[in-house]
Amino acid sequence: FACHWLAGYVFHVIIYPLVCLAASVRLTWTNWSGLANEFETHLLAPNDWCHLWQLNSRLAALHANKTRSASYALENKWEFLKASKARDLPVSPWLELREIVLKHKNEEGGLGVYVFRSAGSGGDWIIQNKLSNAESIQKLLPDDAPLSSFRVVTGSRKSVPHTVRTEPLAFDGDEAARTLLSQEHFVVCACFRAGRSGAKTDHESLLFDVSLELGKLGVSNSNQEWYVLGIRGVKELIQSHVVKWLSPPTSLAIQSTDEDSQRHHQSQLFRSDEQIPRQQHVHPDSNVVLTGTDLSSELKEMTRYALLMHEQLLPDVPLCGWDIALTTTGMYFLEVNLSCNLFMASFHR
């Protein structure tokens, strides 16, 4: 939003194109021949993680407004947990309590006393025991890392009107895309959020791409600087982009859909040569190499349940982002996000 139409006009006509040009120059720093194409993409069809998130958020809002689907009520964490438990689906357990009282051990005079009423009793709070990472996950992380989850995104063609859904799909010989979108529900992408040392949640994390084909962790990315508020956030954002400007760009996105590009993508995703900085393979707090870690059996179970839950709970929602944790007591779905962030994961475009 702009405080005045003139300010909005100046931003869109002058400032935004200059920012797009600067980003395009950085990406083509070693090969200027692609500058025009990069500039056109950034200006007219941006495909970075933030724009894709905005696009999906608008899609979800438009779809919810047009269809008035009751499925969107499951964006509420409590409604999601109740609906899933009623179908005996693996969601994080909660305590059947009316209220809990938290009291500070030293404060007196009525200070330091907090009362929380549970969602099941008309309150706002879901009261749960703290979950811990499974051994297979914890060994990759520092000892004091938070519960670190996977984001698995699934799509549904049932969100498309039946008259359109029954039309033949044309993909110009791209059998991978044809196979993917011929399914009613399909997996779009996945990533692992490797929590940082001392963090309370995995919102402070490195984002390790996951190969759906190989079931292995790829290299990591980070957009952490976008989540820091205030002056410190501006400082970190500038510092991060200065570092990225001075570093050779590495792209993990699929630029084409032919088989050769798919194989190239996989080689880029799991290569371990000097062209990718070591910090993209290693967790900086545990000093453990995560890239190449085989989680194929766990991924198979997560995607199986994600597709099942999409079909049973929200069949008409276009995209669902599932937060899934592998814990010491089993696999649990923590919540579902309907205007979901892809967290920089690779997907078939």
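Strands, like helices, are DSSP runs numbered from the N terminus, a strand holding at least two residues. In this predicted model, Asn337 lies in strand E8. The relative accessibility of Asn337 is 15%, so this residue counts as buried, the cut-off being under 20%. The C-alpha atom of Asn337 lies 9.1 Å from that of Val153, although 184 residues separate the two in sequence. The segment after E8 contains Leu338. Leu338 is likewise assigned as buried because its relative accessibility is 2%. Between Leu338 and Leu74 the C-alpha distance is 8.5 Å, with a sequence separation of 264 residues.

Strand E8 also contributes to the largest nonpolar core. This core comprises 44 residues, and those with the most contacts inside it are Phe80, Phe192, Met309, Leu313, Leu314, Trp322 and Phe333. At least two residues come from each of helix H4, strand E3 (150-156), strand E4 (185-195), strand E5 (205-210), helix H10, strand E7 (319-327) and strand E8. Helix H10 supplies the largest share, 6 residues. In soluble globular proteins, nonpolar side chains tend to be buried together.

Among the core residues named above, Phe80 is found in helix H4. Phe80 has a relative accessible area of 0% and is therefore buried. Phe80 and Leu313 are 233 residues apart along the chain, yet their C-alpha atoms are separated by 8.6 Å. Both residues belong to the set with the most contacts inside the core.

Helix H4 and strand E8 take part in a pocket as well. The second largest pocket encloses about 960 Å³ of space. Its lining consists of 32 residues, and Lys77, Gln128, Thr201, Leu334 and Glu335 lie nearest the centre of the pocket. Helix H4 (77-86), strand E1 (99-103) and strand E8 (330-337) are the elements that give two or more residues to this lining. The greatest contribution is that of E8, with 3 residues. Sorted by class, the lining has 15 nonpolar, 9 polar and 8 charged residues. Two domains, domain 2 (47-93 + 130-245 + 276-348) and domain 3 (94-127), each provide at least three residues of the lining.

Backbone angles were also examined. Most residues other than glycine have a negative phi, and most peptide bonds are trans. Asp88 has a positive phi, near 60°, and is not a glycine. Asp88 is placed in the loop between H4 and E1. With a relative accessibility of 68%, over the 50% cut-off, Asp88 is therefore classed as exposed. Asn287, again a residue other than glycine, has a positive phi near 60°. The loop that holds Asn287 runs between helix H9 (259-270) and helix H10 (296-313). Asn287 counts as exposed because its relative accessible area is 52%.

Towards the N terminus, an unreviewed UniProt entry places the feature "transmembrane region" at residues 6-25. In the model, the span of residues 6-25 is 100% helix and 0% strand, and its end C-alpha atoms lie 28 Å apart.

Terms used
Residues are numbered from 1 along each chain as its sequence is written. This is a predicted model: local features need pLDDT of at least 70, side-chain atom pairs count only at pLDDT 80 or more; totals for chains, interfaces and linings use all residues. Side-chain values use heavy atoms; hydrogens and water are left out. On a 1 Å grid over the protein atoms alone, a cavity is a set of points where a 1.4 Å probe fits but cannot get out, and a pocket is an open set with protein on both sides within 12 Å along at least five of seven lines; lining residues have an atom within 4 Å of a point. Grid points are joined across faces, edges and corners, and a volume is the space filled by probe spheres set on the points. Helices (H or I, at least four residues) and strands (E, at least two) are DSSP runs, numbered from the N terminus. Ala, Val, Leu, Ile, Met, Phe, Trp, Tyr, Cys and Pro count as nonpolar, Asp, Glu, Lys and Arg as charged, and the others, Gly among them, as polar. Domain bounds come from an automatic or database domain assignment. UniProt positions are given in the numbering used here, feature names are shortened, and annotations may be inferred rather than shown by experiment. Buried means under 20% relative accessible area, exposed over 50%, partly exposed in between (1.4 Å probe, protein chains only). A nonpolar core is a set of buried Ala, Val, Leu, Ile, Met, Phe, Trp, Tyr and Cys residues joined through side-chain atoms within 4.5 Å.
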